[in-house]
Amino acid sequence: MKTTFLLSALSILLISLLMSGCTGAAAPGSWPGLTVAGDTAYVAGGPQVHAVNAGNGNESFAFPTEPDAKKSYFAAPGITPDGNLIIGGFDHTVISLDPATRAVNWTFSQPNDRIIAAPVVTEERIYVASADHTLYTIDGNGGLIWSFTAGDDLWASPTVTDDQIYIGSMDHHLYALDRESGRELWKADLGAAIVGTPALSDAGTLYIGTLGKEMIAVESASGRVLWRVPTQGSIWSGPALREEVLYFGDLSGTIYALSTANGAAVWQPIKPTRSDDRLAGPIVASPLLQEDRMVFVAEASTVIALSYQGAILWNQTINGTLYTTPVMTGDRYLVALTKADQLLVALDLNGKPIWAYPPTE
Amino acid sequence: MWDTFIITPFINALLFIYMTVGQNFGVAIILFTILIRLVTHPLTVQQIKGSTAMQSMQKDPRYQELQKKYKDNREKMAQEQTKLMKEMGVNPLGACLPTLIQFLLIIGLYQTVTRALATAPLDLVDLTKHIYPSLSQATTLIPLNSHFLWMDLAQPERWYPFGLSFGIPVLAIIVVVTTYLQSKLMTPPANPGDQAASMSKAMNLYMPFLMGYLAFTLASGLSLYFVTSNIVGIIQYAALGKIDLRSLIPARKTLAEDRPKISRGKK
């Protein structure tokens, strides 16, 4: 009987292990969100938000002080004009944190699902998109001003102008809302889920990619589609816009430069490789645009600096998966890492590592 | 290799069914589970044949004689059993191998459903990598519509009837019942003292609760798969004439177990 019991227990344990292994319960769910304010980088990369000195990579503090298994943070924190951090969590809450005192100013608990997108902060308001399909507009004290509910999850931050708000949803629609009231002005069915933030040109055209492998131009006044260009892979993040050219990558690992006028290729799409000649892999993040170059990160551990003519200036391999748009601060790039021992690395202007956080042993 | 030969084809098949049946993920899971059970039907038949041959051998007087003769020498008993198996043409892997393959497929199915649901950014990026170029229109359908009947297939299922403040885990209960039924109906009456049968009996008792716990805590899409798989399994065994209804009725079973004692008493 004892043997029978032991064999049964072992079988059940084996099945449990296989099942729990399959669910990926320990998987983080998303990639780190990165924001820089002054000389401090704030990285939301799992159970804590880390404040890291951008100069030397030393940690200033972590919030919460001790990791809580029930909480995780991946959205890039917003910064209010008075310096408070706005932190959206997978625990369905939005927190205002004073980084000087580490005190929580207020907590907004109305969302019923995760905050995946980075909150957008303006002078007076905070815009938070939630996976509960709702965009919440909050005042500086954490009070709800209005909310707007789309047909499916909102994983993207909105684009906010003086009068209007534009936000893409998993329900395939790009929405235009009145900024004061949250009233829907128009919605455009773009044919596939939208996970990125639209870029808006001075001429009033919105540019957004979809998981359905298209970059689409939409008239911001009416929602009318102006042009659409097929891509090789699904597009995750919004494009970066500079001098009437859109720059973006897709999940096939291809980088594009398209004219805002008609979507024509400014130069032929390129598929960057790593220093070992393997493909750099899917590109999830929007590029960082600078005066003379742009910096992309690709999934297969690669940071790529590219000229605006499409020439690769350098690439750097870093141990980790890269999904987060790099940030420039002072004379260095900060790159957040997923599935890695380090959460953040600093590179110089030639891509050489300066420091890593937490420090390598 | 696992992803290339199991997960990726499974995900694409599931997506194809999802597109074909009007973007209903619940129906797609049910049809896909039935499809896999049908494709692996020859394995099920082989497994039944293997276990039937093994049971016949265990009832053979020569086998029982061996057990008595070498009860204190397990090594010798194992050697003699192997010889007897060869003599009787019983393949010891006849039942194990198909079961193992089916078990791997079940794990693959489970992973497929989990990955296809893709409720977080990393999962969704991963899902896009598994879609074949020939099925590229599927990218316009992700994330999949996870609503089916009253359930969100990406969340654990609860039913809130009549304004109840707590939810009833209907699907988890159905998983417990169908798992219990399946295991009971497929287990033949045991020979007294048969250790393997005792183990099966213990498993029959624990497994429904384990599966019920998984169904209670994990996404209901998986519970739907468990229920479908159990029901199809019962139908398959019934079609092959291998269902043993006596296993469900304790009184009858007791009589069956008692019968040899009565005959011994007459001697």
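**View 1. A nonpolar patch sits on the surface of chain B in this predicted model.** Five residues make up this patch: B:Leu93, B:Leu97, B:Leu100, B:Ile101 and B:Leu104. Put together, they offer about 440 Å² of accessible area. Pick out B:Leu97 and you'll find yourself in helix H6 of chain B, which covers residues 93-117. B:Leu97 has a relative accessible area of 44%, so it counts as partly exposed.

**View 2. B:Cys96 is another residue to look at in helix H6 of chain B.** Is B:Cys96 buried or partly exposed? With a relative accessible area of 47%, B:Cys96 is partly exposed, because buried would mean under 20% and exposed over 50%. Now look for B:Gln47: in sequence, B:Cys96 and B:Gln47 are 49 residues apart. In space, though, their C-alpha atoms are 7.1 Å apart.

**View 3. Helices H3 and H4 of chain B pack against each other.** H3 takes in residues 41-59 and H4 takes in residues 61-69. Their axes are 4 Å apart and meet at an angle of about 65°. Which residues make the contact? From H3(B) come B:Met57, B:Gln58 and B:Lys59, while H4(B) brings B:Pro61, B:Tyr63 and B:Gln64. Sorted by class, that gives 3 nonpolar, 2 polar and 1 charged residues.

**View 4. Here is chain B as a whole.** Its 267 residues are 44% buried, and the chain has 11 helices and 2 strands. Walk along the sequence and the pattern reads α-α-α-α-α-α-α-β-β-α-α-α-α. Take the contacts between residues at least 6 apart in sequence: 72% of them join residues at least 24 apart. The accessible surface adds up to about 14,500 Å², and carbon and sulfur atoms account for 64% of that.

**View 5. Cis peptide bonds turn up before A:Pro64 and before B:Pro143.** In chain A, the bond runs from A:Phe63 to A:Pro64, with omega near -10°. A:Pro64 belongs to the loop between strands E4 (59-63) and E5 (78-79). In chain B, the bond joins B:Ile142 and B:Pro143, and omega is about 0°. You'll spot B:Pro143 in the loop between helix H7 (121-130) and strand E1 (147-148).

**View 6. A:His133 and A:Lys213 have positive phi values without being glycine.** For A:His133, phi is near 80°. This residue lies in the loop between strands E10 (125-129) and E11 (134-139) of chain A, and A:His133 is partly exposed, at 24% relative accessible area. For A:Lys213, phi is near 65°; look for A:Lys213 in the loop between strands E18 (205-210) and E19 (214-219) of chain A.

Note on methods. Residues numbered from 1 in each chain as written. Chains lettered and ligands numbered in written order. Predicted model: local features only at pLDDT ≥ 70, side-chain atom pairs only at ≥ 80, totals over all residues. Heavy atoms only, no water. Patch = residues over 30% accessible without salt bridge, like charges linked within 9 Å, V, L, I, M, F, W, Y side chains within 5 Å. Areas by Shrake-Rupley, 256 points an atom, 1.4 Å probe, with all protein chains shown as cover. Salt bridge = Lys/Arg side-chain N within 4 Å of Asp/Glu carboxyl O. Buried < 20%, exposed > 50% of the residue type's maximum accessible area, 1.4 Å probe, protein only. Axes fitted to C-alpha atoms, helices over the stretch in contact; angles between N-to-C directions. Contact = heavy atoms within 4.5 Å. Nonpolar A, V, L, I, M, F, W, Y, C, P; charged D, E, K, R; others polar.
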